[in-house]
Amino acid sequence: VTVVPTCAIVNKNHYVNTARRLAVELNGIFIDQFENPANYLAHYEGTGPEIWKQMNGQLDAFVMSAGTGGTISGVSRYLKEKDPNVRIVLAD
């Protein structure tokens with residue numbers, strides 16, 4: 001476990017930058033879910049259709065919190081393509 005300070009992403013000790021650095025030092029893999037298009041795409045192709053199907057297309061709004069932004073961006077794009085009137089809400 002590596003403890004890192006709370007700091008801005010531009011700081012070399014930010015947890016994302018620390019993870020990237022450790023992956024190199026330890027000959028590991030850094031997935032980078034913040035900038036990996038597969039993050040958004042997984043929710044566009046998977047989570048969005050799953051929600052739409054489970055709700056039988058009867059959806060007024062989609063409300064969620066944010067992490068990387070991949071879920072809300074992928075799901076909201078899918079839902080808006082199905083029904084432009086669906087409201088997308090980020091509760092943070």
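Start by selecting Asp32, which lies in the loop between α1 and α2. Helices here are DSSP runs of H or I with at least four residues, strands are runs of E with at least two, and both are numbered from the N terminus. The model is predicted, so local features need pLDDT of at least 70 and side-chain atom pairs pLDDT 80 or more, while totals for chains, interfaces and linings use all residues. Residues count from 1 along each chain as its sequence is written, and side-chain values use heavy atoms, with hydrogens and water left out.

**Stop 1: the loop before α2**

Stay on Asp32. Its phi is positive, about 55°, although the residue is not a glycine. Is Asp32 buried or exposed? Asp32 counts as buried, at 15% relative accessibility. The cut-offs: buried is under 20% relative accessible area, exposed is over 50%, and partly exposed is in between, with a 1.4 Å probe and protein chains only.

Now select Asn27, in the loop between α1 (15–25) and α2. Asn27 also has a positive phi, near 55°, and is a residue other than glycine. Asn27 counts as exposed because its relative accessibility is 72%.

**Stop 2: along α2**

Go to Asn36. This residue caps the N-terminal end of α2. Show the polar contact: a side-chain oxygen of Asn36 lies 2.9 Å from the backbone nitrogen of Ala38. A polar contact is a pair of N or O atoms within 3.5 Å; within protein, one must be able to donate a hydrogen and the other to accept it, and residues adjacent in sequence count only if both atoms are side-chain atoms.

Select residues 37–54. This is α2, with 18 residues. From first C-alpha to last, α2 reaches 25 Å, close to the 26 Å expected at 1.5 Å a residue. The expected span is 1.5 Å times one less than the number of residues.

Where does α2 bend? Centre on Tyr44: the bend there is about 35°. That angle is taken between axes fitted to the seven residues ending at a residue and the seven starting there.

Colour the buried residues of α2: Asn39, His43, Tyr44, Gly48 and Trp52. What covers them includes α3 (70–82). Then step just past the helix to Asn56, where phi is positive, about 50°.

**Stop 3: the rings**

How many aromatic pairs does a search of the whole structure find? The search finds three. Rings of Phe, Tyr and Trp (its six-membered ring) pair if their centres lie within 6.5 Å; planes under 30 degrees apart are stacked, over 60 edge-to-face, and the rest tilted. Show Tyr44 and Tyr78, an edge-to-face pair at 6.0 Å centre to centre, with 75° between the planes. This pair links distant parts of the chain: Tyr44 is in α2, Tyr78 is in α3, and they are 34 residues apart.

Add Tyr40 to the selection. Ring pairs link Tyr40, Tyr44 and Tyr78 into a cluster. Tyr78 is buried, because its relative accessible area is 15%.

Next, Arg77. It lies over the face of Tyr44, at 5.0 Å from the ring centre. For a charge to sit over a ring, NZ of Lys or CZ of Arg must be within 6 Å of the ring centre and within 35 degrees of the ring normal.

**Stop 4: along α3**

Select the whole of α3, which has 13 residues. It reaches 19 Å from first C-alpha to last, close to the 18 Å expected at 1.5 Å a residue. Its buried residues are Gly70, Ile72, Gly74, Val75, Ser76, Tyr78 and Leu79. They pack against α2, β1 (61–64) and β2.

Zoom to Ser76 in α3. Ser76 is buried, with a relative accessible area of 15%. Its side chain reaches the backbone oxygen of Ser73 at 3.3 Å. Neighbours within four places in sequence aside, Ser76 is in contact (heavy atoms within 4.5 Å) with Thr71 and Ile88.

**Stop 5: β2 and after**

Select Arg87, in strand β2 (residues 87–90). Arg87 is exposed, with a relative accessible area of 58%. Which residues does Arg87 contact, leaving aside neighbours within four places in sequence? They are Asp60, Ala61 and Phe62. Leu59 is 28 residues from Arg87 in sequence and 8.8 Å away in space, C-alpha to C-alpha.

Finish at Asp92, in the segment after β2. Asp92 is exposed, with a relative accessible area of 86%. Draw a C-alpha to C-alpha line to Ala66: the two residues are 26 apart in sequence and 6.5 Å apart in space.
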